[in-house]
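Biologist: I would like to learn how to read a fold and its ligand sites from coordinates. Could we take one example and go through it feature by feature?

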Amino acid sequence: MEKTMSRVQIFIDGKPVIADTGQTILEVCRDQGVEIPTLCHDDQLEPFTSCFLCVVKVEGARTLVPSCGTKVTQGMRVTTNNDQIYSARKMALELILSNHYADCLGPCKLACPAGVDVQGYLALAAMGKYREAVALIKQANPLPTVCGRVCTRPCEMNCRRNLVDETTAIDHVKRFVADVDLESPDRYFPEVRPETGHKVAIIGAGPAGLSCAYYLRQEGHTVDIFDAKPKAGGMLRWGIPQYRLPEEILDKEIEGITGLGVDIHLNKALGRDFTLDDLFDREYEAVFLGLGAQSGTSMRVENEDADGVLSGIDFLEDVKMKRIDSLKGKVGVIGGGNTAMDAARTALRLGADEVSIIYRRTRKEMPANEMEIEEGEEEGIIFKFLTAPVKVILDENNRATGIECVQMELGPPDDSGRRRPIPIPDSNFVIELDWVIAAIGQKPDLAFAARDSKLVNVAQTRWGTLEIKPEVMETNIPGVFAGGDVVLGPATAIEAIADGKKAAKAIHKFITGERMELVNKPFISRKENFKKLSPDDFSYVPRVERAKMPVRDPEERKHDWGEIELGFSPDQVHHEALRCLECGC
Ligand SMILES: Cc1cc2nc3c(=O)[nH]c(=O)nc-3n(C[C@H](O)[C@H](O)[C@H](O)COP(=O)(O)OP(=O)(O)OC[C@H]3O[C@@H](n4cnc5c(N)ncnc54)[C@H](O)[C@@H]3O)c2cc1C
Ligand code: SF4
Ligand code: SF4
Ligand code: FES
């Protein structure tokens, strides 16, 4: 027999309302459009009444009552909001947060400089919703096909799955979904708001500038990028070799930004073709400087300007520009970072007979990506560790014939936390070489700023980078913002992307007249705040082997420019996405 419910009249904030006797105060309020916060309540479950966020005042009751678990009765008078209720809810929330053993956000998302919702896109990828996964990634990172290949993956270093077996292959899944979208006839493009008439100029079409443009354009602003080089991409194009990031992929990725209506003006250099004042005269209301770190650092050794000595980034750019198409003989690359590894492996592909990396610390301290080092070893690169150059040896024509080095040993850690290399007295020796490539590091090249009466006043740090207020990414000149390598020094693509996005938010506020506030750090509960997690905490999780990225054979790949990593299959994507432990709430 159907159960009958009688009707009652109650009063919500003084307003008479007819309700069913079986209903809770919360249900009636929701029907009436009266908002009450809840946390533990779930429509599908019996009321739990544990959080006390939904408390309301019922006339005659001694204390506030949880609206989610209190049924209505005839004539009940309910108050849903006053100072007493507000402070009771606030106190309840503070109590919950004070000892909340959970993760609001997964460690992966917290570790990604751009805050990509890793857990979310892995879940979408597991369901085969690749386009939705790309849409989610692009809320935080507009270059997923690029990052899917070259990101340094701080997310994976922090992935909880490490405590079970091996990190989830977060980035390989990103590459897969992004590649599918890149080739799709129905490619994902975010919505662009109606035109606002505001104009922003971005200098530099590297990841920082591209990211800034992507997010500003979505707000409906006119965005023009100016770059000194003949193609866009910055170090993604001129630094990272083709076998790691094919230029065709980069071109298509950039179309994902120009496709929104962003114009890129190439071969246009700030300081050579125009000044900051010119831009403001042309009614750009804000300028973002994403100039990168374009200048190779000197080795500070005798004869380093001789013929046969090349700068790592200039060498890589010369190869990309097709100004160098072969390199014979013995090549020595000085340095242990990504530029050194890229220069060494590029030299190998240009036909060098022997390529050595000469590094003053050991393999353990090399800043290059581990994968790059391993792949270089497989291809036959020779590593000479604890070896530092002191002088380039010349022939009678002033051409390099080798490099004099000193043997090093490791002392106590320096400021970077790595053990300091110390020369061993009387240990000098000579390595015979036909080419010396110096890949020690990069720094911003701001010499041209002297020719720009406004730019010359932009404050710089003692490291020659631009100084900004980090909360709002603005320099000391109002309306001039900066980010990426020109601020951070040589860093990573994802850090540049994160900077560009943050600057876009600040610039949007600046040009629309909103106050550029300091960003409040949101409260984020983390399990690690309570205790360090150990593998024992995950003993219940079955071990599942991580899917391996298929790669081309080293003997074959070292002779050409074809991409080394071939990409996951849909099955591998599914397998990996399901390995995610879904750490966040
Ligand atoms: C060889 C090499 C390998 C790397 N490998 C990796 C990797 O594997 N993973 C990773 O995450 N990061 C890697 N990086 C680092 C990464 O590429 C950079 O951190 C990133 O590109 C910085 O972005 P950006 O936009 O700040 O600057 P850039 O990418 O340098 O772009 C700056 C742009 O500004 C333009 N510009 C400069 N001056 C002017 C001017 N006066 N007027 C107009 N335009 C101007 C330049 O032409 C350039 O296009 C590598 C870097 C190098 C050099
Ligand atoms: S962009 Fe890089 S750090 Fe961010 S989620 Fe992807 S791989 Fe991880
Ligand atoms: S297991 Fe999943 S949610 Fe947890 S850190 Fe790794 S990728 Fe992120
Ligand atoms: S929602 Fe938690 S007690 Fe009502």
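The dialogue below covers one sheet, the helices on it, and two ligand sites.

Modeller: Keep in mind from the outset that this is a predicted model.

Biologist: What is the strand order of the open sheet, and in which sense do its strands pair?

Modeller: For a sheet, read the order across it before anything else. Here five strands run in the order β8-β7-β6-β9-β21, and the pairing is parallel. The sheet is open, with β8 (263–265) and β21 (480–482) as its edge strands, each pairing on one side only. From one strand to the next, the twist averages 20 degrees.

Biologist: Over how many bridges do β6 and β9 pair?

Modeller: Pairing is read from bridges between two strands. Strand β6, residues 199–203, and strand β9, residues 286–289, are joined in the parallel sense over four bridges. To place the register, take Ile202, which stands opposite Phe288 in β9.

Biologist: Which strands does helix α9 touch, and what angle does α9 make with β7?

Modeller: For a helix on a sheet, list the strands in contact, then compare directions. Helix α9, residues 207–218, packs on the sheet and touches β6, β7 (222–226), β8 and β9. The direction of α9 makes about 170 degrees with that of β7. Helix α17, residues 493–512, also packs on the sheet, with β6, β9 and β21 as the strands it touches. Its direction makes about 170 degrees with that of β9.

Biologist: Turning to the ligands, how many residues surround ligand 3, and which are the closest?

Modeller: A shell is read by its members, then by the elements that supply them, then by class. The shell around ligand 3 has 13 residues, the closest being Cys108, Cys159, Cys580, Leu581 and Cys583. Helices α3 (107–111) and α4 (118–126) each supply at least two residues, and α4 gives the most, with three. By class, nine residues of this shell are nonpolar, two polar and two charged. The space that ligand 3 takes is the largest cavity.

Biologist: And which residues surround ligand 2?

Modeller: Apply the same steps. The shell around ligand 2 includes Cys112, Cys151, Cys155, Arg153, Asp171, Lys174 and Ile494. Two or more residues come from each of α7 (154–157) and α8 (170–183). The class count is seven nonpolar, one polar and three charged residues. Ligand 2 takes up the space of the second largest cavity.

Key
Residues are numbered from 1 along each chain as its sequence is written. Chains are lettered from A and ligands numbered from 1 in the order in which they are written. This is a predicted model: local features need pLDDT of at least 70, side-chain atom pairs count only at pLDDT 80 or more; totals for chains, interfaces and linings use all residues. Side-chain values use heavy atoms; hydrogens and water are left out. A residue is near a molecule or strand if one of its heavy atoms lies within 4 Å of it. On a 1 Å grid over the protein atoms alone, a cavity is a set of points where a 1.4 Å probe fits but cannot get out, and a pocket is an open set with protein on both sides within 12 Å along at least five of seven lines; lining residues have an atom within 4 Å of a point. A molecule sits in a cavity or pocket if more than half of its atoms lie within 2 Å of its grid points. Ala, Val, Leu, Ile, Met, Phe, Trp, Tyr, Cys and Pro count as nonpolar, Asp, Glu, Lys and Arg as charged, and the others, Gly among them, as polar. Two strands pair if DSSP finds at least two bridges between them. Axes are lines fitted to C-alpha atoms, for helices over the stretch in contact, and angles run from 0 to 180 degrees between N-to-C directions. Contact means heavy atoms within 4.5 Å.
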